[in-house]
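Here are some short exercises to work through with the model open beside you. Try each task before reading its solution.

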Amino acid sequence: MYVTSNLKDMIINEARFHISSPSVDKCPDGKLHEYAFIGRSNVGKSSLINMLTGRKGLAMTSSTPGKTMLINYFLVNDQWYIVDLPGYGYAKRSKADRERLEKMIKNYIARREAMTNLFVLIDVRHKPQKIDIEFMEWLGENGIPFSIVFTKLDKLTPTAGKKSIAAYCETLLEQWEELPPVFATSAEDRRGRDAILDYIEQMNSLPL
Ligand code: GTP
Ligand code: MG
């Protein structure tokens, strides 16, 4: 059911921080493919980025949610970008801050042509939440290519992990005719890494 990897592994020779942008207008010139990561605060975006690139301190991670407030660009192999987006729905932010961030994120997603795929992260332990379901609906309505990445698989037994993902997908199929690609990952034990990197490698070969 999940995307798995058959290709030879993509090798990450280099990954480095490139720029933090406060809005879509200040992003790099858009000549390279970029892959953005989004999800609720604390879902594990920064940890996943560190795991994918194999650079522990690349994206900041913290147990204090809501740290990432900017559009953070990381250049990989001098060829493509990983983009760490702010988490949505963090309750401790003021309403005005939440609205400002939501506008910034949606502007980026809807207007950024170089964004080849959006990875939407879901904590595998959580039941489907309105905020994520509605966000994916918005992506569908706006024709944004996206995939779902379940995070923190190491926190459940293999059976419980599979069950939780299957239940989530069933909920999605109440509204969607077809599911987007689904990845099962853990930043702790690195599962799902090759599958995501292969997927990115395939898209890198498409014209921008
Ligand atoms: P914001 O930037 O605040 O929106 O959070 P984020 O989505 O970037 O989450 P971050 O990567 O900072 O991780 C949040 C917490 O979850 C940290 O304490 C991580 O160590 C933990 N965490 C992230 N991924 C995993 C995982 O795969 N397994 C386990 N066990 N913990 C994880
Ligand atoms: Mg983060």
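**Exercise 1. Find which loop holds Lys-152, and state what its phi angle looks like.**

Start with the position: Lys-152 sits in the loop that joins strand 6 to helix 4. Next, turn to the backbone of this predicted model. Phi of Lys-152 is positive, about 65 degrees, although the residue is not a glycine.

**Exercise 2. Locate Arg-190 and decide whether it is buried, partly exposed or exposed.**

Step one is the location: Arg-190 belongs to the loop between strand 7 (182-184) and helix 5 (193-204). Step two is the backbone, where phi of Arg-190 is near 70 degrees, a positive value in a residue other than glycine. Step three is the accessibility. Arg-190 has 46% relative accessibility, and partly exposed covers the range between 20% and 50%, so Arg-190 counts as partly exposed.

**Exercise 3. Work out how Tyr-73 and Tyr-81 are arranged, and whether each is buried or exposed.**

Some context comes before the geometry: the structure holds 11 aromatic pairs. In one of them, the ring centres of Tyr-73 and Tyr-81 are 5.1 Å apart and the planes stand at 85 degrees; an angle over 60 counts as edge-to-face, so this pair is edge-to-face. Now check the accessibility of each partner. Buried means under 20%, so Tyr-73 qualifies at 0% relative accessibility. Tyr-81 is buried as well, at 7%.

**Exercise 4. Repeat the analysis for Phe-150 and Tyr-168, and say which elements they link.**

The ring centres of Phe-150 and Tyr-168 lie 5.4 Å apart with planes at 75 degrees, so this pair is edge-to-face. Then look up the elements: Phe-150 is in strand 6 (residues 146-151) and Tyr-168 is in helix 4 (residues 158-173). The two residues are 18 residues apart, and their pair links distant parts of the chain. Finally, Phe-150 counts as buried at 1% relative accessibility, and Tyr-168 counts as buried at 1%.

To extend the exercise, look for a cluster: ring pairs join Phe-37, Phe-119, Phe-183 and Tyr-199 into one.

**Exercise 5. Describe how helix 2 and helix 3 meet, and classify the residues in the contact.**

Begin with the axes. Those of helix 2 (residues 95-111) and helix 3 (residues 130-141) come within 11 Å and cross at roughly 35 degrees. The crossing of helix 2 past helix 3 is right-handed. Next, list the residues: helix 2 contributes Lys-106, Ile-109 and Ala-110, while helix 3 contributes Phe-135, Trp-138 and Leu-139. Sorting them by class gives five nonpolar, no polar and one charged residues.

**Exercise 6. Find what Gln-175 contacts beyond its neighbours within four places in sequence.**

Gln-175 lies in the loop between helix 4 and strand 7. With those sequence neighbours set aside, Gln-175 is in contact with Ile-133 and Glu-137. For a backbone distance, take Glu-134: its C-alpha atom is separated by 11 Å from that of Gln-175, and the two residues are 41 residues apart along the chain.

**Exercise 7. How many disulfides does the structure hold, and are Cys-27 and Cys-169 buried or exposed?**

The count of disulfides is zero. For the accessibility, Cys-27 has 12% relative accessibility and therefore counts as buried. Cys-169 is buried too, with a relative accessible area of 4%.

Key. Residues numbered from 1 in each chain as written. Chains lettered and ligands numbered in written order. Predicted model: local features only at pLDDT ≥ 70, side-chain atom pairs only at ≥ 80, totals over all residues. Heavy atoms only, no water. Disulfide = S-S within 2.5 Å. Buried < 20%, exposed > 50% of the residue type's maximum accessible area, 1.4 Å probe, protein only. Phe/Tyr/Trp six-rings, centres within 6.5 Å; stacked < 30°, edge-to-face > 60°. Helix = DSSP H or I, 4+ residues; strand = E, 2+ residues; numbered from the N terminus. Axes fitted to C-alpha atoms, helices over the stretch in contact; angles between N-to-C directions. Left-handed = near helix turned anticlockwise from the far one by under 90°. Contact = heavy atoms within 4.5 Å. Nonpolar A, V, L, I, M, F, W, Y, C, P; charged D, E, K, R; others polar.
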